[in-house]
Structures are given as structure tokens and as C-alpha cells.
Amino acid sequence: MAIDIHDKQTSGQIALFLAQSGNVNLQVYDLRGKKVMADMVNKILPQGEHLIEIQSNSRLGVKLPAGIYILQMRVDHQIMDTMRFIIS
């Protein structure tokens, strides 16, 4: 299972590939480990590739400052992948 982020200026797409269906949860953290975007995705997804839009706004509508962030993907409550991305 893998994450691939196609970067754009303030938003982009996250491409997820799942070898089998599972409960997928995506969280975003700053470099200090503080969760800045909880449950960007939190649902069961079928096997295959999925494109998910990522925005530079938190769930509360607050714009995230420019910086480096960490995306964490859990499938069935296990960390499967992490990736850094930049909001400029």
C-alpha cells in the first residue's frame, strides 16, 4: 500500500493504492508532531487506486501556514505509510 502526492501550489491530489480493501484513515501533522488535520479520510475504501484532494485549510477552515507537513496513512488501524509534503 502506498501514498503518492501530486503537488500543486495550495492543493493537490493524494493517490492511494490499496492491495485490498480496508478502513483508511489519513491524518496530517506538522514537523513537531502536532496533528493539524484529523481524519482527512476515515472510511472503508475498496481495493485499487483512489485520488483524494488535499487542501491547505484545516477542518476548521483555518489556512495552514506554509511549511512541511507529514501525511500518515493507517489501514485497519495500522500505520502503513507516511510522506512529507510542502504547502507553499
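**Working through a seven-strand model**

Leu31 is found in the loop between strand 3 and strand 4 (strands are DSSP E runs of at least two residues and helices are H or I runs of at least four, numbered from the N terminus). This is a predicted model, where local features need pLDDT of at least 70 and side-chain atom pairs count only at pLDDT 80 or more, while totals for chains, interfaces and linings use all residues. Residues are numbered from 1 along each chain as its sequence is written, and side-chain values use heavy atoms, with hydrogens and water left out.

**Exercise 1.** Decide whether Leu31 is buried or exposed, and find its patch partners.

*Solution.*
- Start with the area: Leu31 has a relative accessible area of 53%.
- Compare that with the cut-offs: buried is under 20%, exposed is over 50%, and partly exposed is in between (1.4 Å probe, protein chains only). Leu31 is therefore exposed.
- Now the partners: Leu31, Ile68 and Ile86 make a nonpolar surface patch of about 280 Å² (Shrake-Rupley area, 1.4 Å probe, only the protein chains shown counting as cover; members have over 30% relative accessible area, no salt bridge, meaning Lys or Arg side-chain nitrogen within 4 Å of an Asp or Glu carboxyl oxygen, and nonpolar side chains joined within 5 Å).

**Exercise 2.** Describe the surroundings of Asn25.

*Solution.*
- Place the residue: Asn25 lies in strand 3.
- Check its exposure: at a relative accessible area of 11%, Asn25 counts as buried.
- Look for polar contacts (N or O pairs within 3.5 Å, one able to donate a hydrogen and the other to accept it). The Asn25 side chain reaches the side chain of Gln27 at 2.6 Å and that of Asn42 at 3.3 Å.
- Leave aside neighbours within four places in sequence, and Asn25 is in contact (heavy atoms within 4.5 Å) with Asp39, Val41, Asn42, Gln72, Met73 and Arg74.

**Exercise 3.** Work out which strands feed the largest nonpolar core, and which gives the largest share.

*Solution.*
- Lay out the fold: the protein chain has zero helices and seven strands.
- Gauge the burial: 39% of its 88 residues count as buried.
- Pick the hubs: the largest nonpolar core (buried Ala, Val, Leu, Ile, Met, Phe, Trp, Tyr and Cys joined through side-chain atoms within 4.5 Å) has 20 residues, and Ile14, Leu16, Val24, Leu26, Val28 and Met40 touch the most other members.
- List the strands giving two or more residues: strand 2 (11–18), strand 3 (22–30), strand 4 (35–45), strand 5 (48–55), strand 6 (67–75) and strand 7 (78–87).
- Finish with the share: strand 4 provides the largest, five residues.

Conventions:
Patches are made of residues with over 30% relative accessible area and no salt bridge: like charges are joined within 9 Å, nonpolar side chains (Val, Leu, Ile, Met, Phe, Trp, Tyr) within 5 Å.
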